[in-house]
Amino acid sequence: MRYQVKNVLAAQAELGECPVWSVSEQVLWFVDILAPALHRFDPNTGEHRVLPVAEHIGCFGLTDEGGFVAALRSGVCMLDAEGKITQRIAPNPGDAPRSRFNDGRVDRRGRFWCGSLWEPQDRNGALLCRLDAALNLTVQQRDIMISNGLAFSPDDRWMYHSDTPNGVLYRYPIDDNGEIGEREVLQRFVQAEGGLPDGAAVDSEGFYWSAMFDGSRVIRLNPANGEIVDEIPLPVRWPTMVAFGGEDLKTLYITSSREDRTPEELAAWPQSGDVFAVRVEVAGLPEPVFSAKHQRQP
């Protein structure tokens, strides 16, 4: 298939990340981690809203009450529909001054998963955490430098997770209770050969789509063996994450970064930080929502 990539929003985000398609609103939400801000983009009308957030916001999930569950630098919080903190759930279990939250999402059983980024990048000091229905935040995996690429297979039997600077994509068996087994390497990547695995999503056939940071492309991988079966070239060098959207979930949205780039690099890649869309043949899956019933008063 010949792909036509369109720049649908000239966001010029410093670090655009975590695109999430709201099925109920038919809009795309995403973050600029470093601004920090939540963005709401309606592709049908072109309306674009920017909601400032109090701290670096790595990832978030939609909730059933209209706000968000979000992983901020200091910890996991509930945000209202305007991005304001309404409840602090749990502190960052890592070293917050050197380890902010990064990639994450809600799984299909309503749990919120969020991973962190070890900023010095001198060791594997990041964590992967899970927030359950009882609002307990627990560390599920260590030995990570930058947690990324979190996604789940359509049958909920596998969880995928990448470590970007270490150039590795893992998969874990996962049970109904959200307990993960031993991780196994699904694919290894070398940056000089097309970028490193960043944010990702799984389509309805179970194939894994990964934004290849510093690689100017998105790739589609076979979930059984990690083989690259397709790729989409991009007009930006630093794509960060993908999300399936549109009424039929066949529009792949792609966020990107311009963080720490030189004037020369930005002149060569002027669309860095923008949001892109491309039509694909296989639909994605609806993004789950986090249950916020714990907030309701009797």
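The paragraphs below walk through the aromatic pairs, the charged pairs and two neighbouring residues of this predicted model.

As for confidence, the chain has a mean pLDDT of 95, with 97% of its residues reaching 70 or more. Residues 294-298 should be read with caution, since pLDDT stays under 50 over this stretch, and the model has 9 contacts beyond four places in sequence for these residues.

The aromatic side chains offer a way into the fold, and a search of the whole structure finds 6 aromatic pairs. One of them joins W21 and Y253, whose rings are stacked with 5.7 Å from centre to centre and 10 degrees between the planes. This pair links distant parts of the chain, for W21 belongs to strand β2 (residues 16-22) and Y253 to strand β23 (residues 251-256), 232 residues apart. W21 has a relative accessible area of 3% and therefore counts as buried, the limit being under 20%. Y253, at 5% relative accessibility, is likewise buried.

A further pair brings together W113 and F152, with ring centres 6.0 Å apart and planes at 55 degrees; this angle is neither under 30 nor over 60 degrees, so the pair is classed as tilted. W113 lies in strand β11 (residues 112-118) and F152 in strand β14 (residues 147-152), so that the pair ties together parts of the chain that are 39 residues apart in sequence. The relative accessible area of W113 is 0%, which places this residue among the buried ones, and F152 is buried as well, at 6%. Aromatic residues also gather in a group, as W29, F60 and F68 form one aromatic cluster.

Some aromatic rings have a charged partner instead. R171 lies over the face of W158, at 3.8 Å from the ring centre, and the charged end of R220 is placed over the ring of F207, 4.0 Å from its centre.

The charged side chains also meet one another. Side chains of opposite charge can pair when their charged atoms come close. In this model the count comes to 20 salt bridges. One of them connects E82 with R49, the closest N and O atoms being 2.9 Å apart. Because E82 lies in the loop between β8 (75-79) and β9 (85-91), while R49 lies in strand β5 (residues 48-52), this salt bridge ties together parts that are 33 residues apart in sequence. Both partners retain some accessibility, E82 counting as partly exposed at 38% and R49 as partly exposed at 30%.

The salt bridge between R111 and D107, at 2.8 Å from N to O, has a different setting. Here R111 is buried, with 10% relative accessibility, and D107 is buried too, with 3%.

D248 and R279 form another salt bridge, in which the closest N and O atoms are 2.7 Å apart. This pair again links distant parts of the chain, with D248 in the loop between β22 (239-245) and β23 and R279 in strand β24 (residues 275-279), 31 residues apart. D248 is partly exposed at 35% relative accessibility, and R279 is partly exposed at 42%. Beyond such pairs, E25, R40 and E47 are linked in a network of salt bridges.

Finally, consider R183 and E184, each with its own surroundings. R183 lies in the loop between β16 (168-173) and β17 (184-188), and its relative accessible area of 19% is under 20%, so R183 counts as buried. The side chain of R183 makes a polar contact of 2.9 Å with the side chain of D143. Leaving aside residues up to four places away in sequence, R183 touches Q141, R142, D143, I144, Y170, R171 and Y172.

E184 lies in strand β17 and, at 33% relative accessibility, counts as partly exposed. Its C-alpha is 9.1 Å from that of P173, a residue 11 places away in sequence. With residues up to four places away again left out, E184 touches W158, L169, Y170 and R171. The contact with R171 includes a polar contact between the two side chains, at 2.9 Å. R171 is also the residue that lies over the face of W158, and W158 is itself touched by E184.

Terms used
Residues are numbered from 1 along each chain as its sequence is written. This is a predicted model: local features need pLDDT of at least 70, side-chain atom pairs count only at pLDDT 80 or more; totals for chains, interfaces and linings use all residues. Side-chain values use heavy atoms; hydrogens and water are left out. Rings of Phe, Tyr and Trp (its six-membered ring) pair if their centres lie within 6.5 Å; planes under 30 degrees apart count as stacked, over 60 as edge-to-face and the rest as tilted. Helices (H or I, at least four residues) and strands (E, at least two) are DSSP runs, numbered from the N terminus. Buried means under 20% relative accessible area, exposed over 50%, partly exposed in between (1.4 Å probe, protein chains only). A charge sits over a ring if NZ of Lys or CZ of Arg is within 6 Å of the ring centre and within 35 degrees of the ring normal. A salt bridge is a side-chain nitrogen of Lys or Arg within 4 Å of a carboxyl oxygen of Asp or Glu. A polar contact is a pair of N or O atoms within 3.5 Å; within protein, one must be able to donate a hydrogen and the other to accept it, and residues adjacent in sequence count only if both atoms are side-chain atoms. Contact means heavy atoms within 4.5 Å. pLDDT is the predictor's confidence in each residue, from 0 to 100.
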